[in-house]
Amino acid sequence: QQRYALRRTVVLVGMMGSGKTAIGRALSQRLDVPFLDSDHEIETAANATIAEIFARDGEPFFRRRESEVIARLLMGSPCILSTGGGAFLAKRNRKQIKKHGVAVWLNAPLPVLWDRVRHKDSRPLLRTANPYATLSEIYDARTPIYAKAKLHLAVGHRATIEDTTSSVMSLL
Ligand code: S3P
C-alpha cells in the first residue's frame, strides 16, 4: 500500500454516473484515508433516500442540506469526499471546496454516463418522459461549470476503476 500524506481533502465532482463514489472508495483505500460521500451523509441524517427527500421535501431543501453537509465535512481532517452531481453548481459550495480542498472533475462522455444510469431508478432528476434527453441537457449545461474544478480527468469508455484511480493519484 502506498503511503501518501494527503494535505487537502480531495473532492470528486462530476455528473451522475461519472464514478465519483466508486473512484472515491478505491482512492481512499489506496491512499489509506477516510472516504466520505455527501449524498450518503444526507441520507443517513434524514433516514431517507435521495429520491424520497426530493419527493417529500423538494430539491431546494436537498440543496441546503447538501451545502451544510459539504461545509461540515470539509472542516474535518483530509479525506476523499465524493459529492452529488449537482453540488459543484452552487457557488457557495465551490468556494468552500476551493478553500478547504481540491476539486477533481471526473469527466466522462455522455454515452458512458447514460450506460451507467439508464438502469437505475435512484436519480430523481432523471424521472422524466425522456431521461436520455434530460441527461444530455444537464450534461451540456453543467460541463462549463465542472470545468472550473482545479483538476480534470477524462474518463474513457474502457477505463477501469483501478486505471482511473491511478490517474487521479498522478494528478494530486
Ligand atoms: C444529483 C446527483 C445525485 C444526487 C441527486 C442530484 C444531480 O448524485 O445528489 O440525485 O443534481 O446531479 P450522483 O451524482 O451521485 O448520482
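Angles under 35 degrees count as roughly parallel, over 145 as roughly antiparallel, 65 to 115 as roughly perpendicular, and the rest as oblique. This is a predicted model, where local features need pLDDT of at least 70, side-chain atom pairs count only at pLDDT 80 or more, and totals for chains, interfaces and linings use all residues. Residues are numbered from 1 along each chain as its sequence is written.

**Confidence**
- The chain's pLDDT (the predictor's confidence in each residue, from 0 to 100) averages 95, with 98% of the residues at 70 or higher.
- For the complex, the predictor gives an ipTM of 0.98 and a pTM of 0.96.

**Helix pair H4 and H5**
- H4 (residues 59-74) and H5 (residues 91-100) pack at about 5°, axes 10 Å apart, with helices being DSSP runs of H or I, at least four residues, and strands E runs of at least two.
- H4 and H5 are therefore roughly parallel to each other.
- Ser 67, Ile 70, Ala 71 and Leu 74 of H4 meet Arg 92, Asn 93, Gln 96, Ile 97 and His 100 of H5; contact means C-beta atoms, placed from the backbone, within 7 Å.

**Sheet**
- Five strands make an open, parallel sheet in the order E2-E3-E1-E4-E5; strands pair if DSSP finds at least two bridges between them.
- Its edges are E2 (35-37) and E5 (151-154), each pairing on one side only.
- Three bridges link E1 (residues 9-13) to E3 (residues 80-82), and Leu 12 has Ser 82 as its bridge partner in E3.

**Ligand**
- Residues around the ligand include Met 16, Lys 20, Asp 39 and Arg 123, each with its C-beta atom, placed from the backbone, within 6 Å.

Note on methods: Axes fitted to C-alpha atoms, helices over the stretch in contact; angles between N-to-C directions. Contact = placed C-beta atoms within 7 Å.
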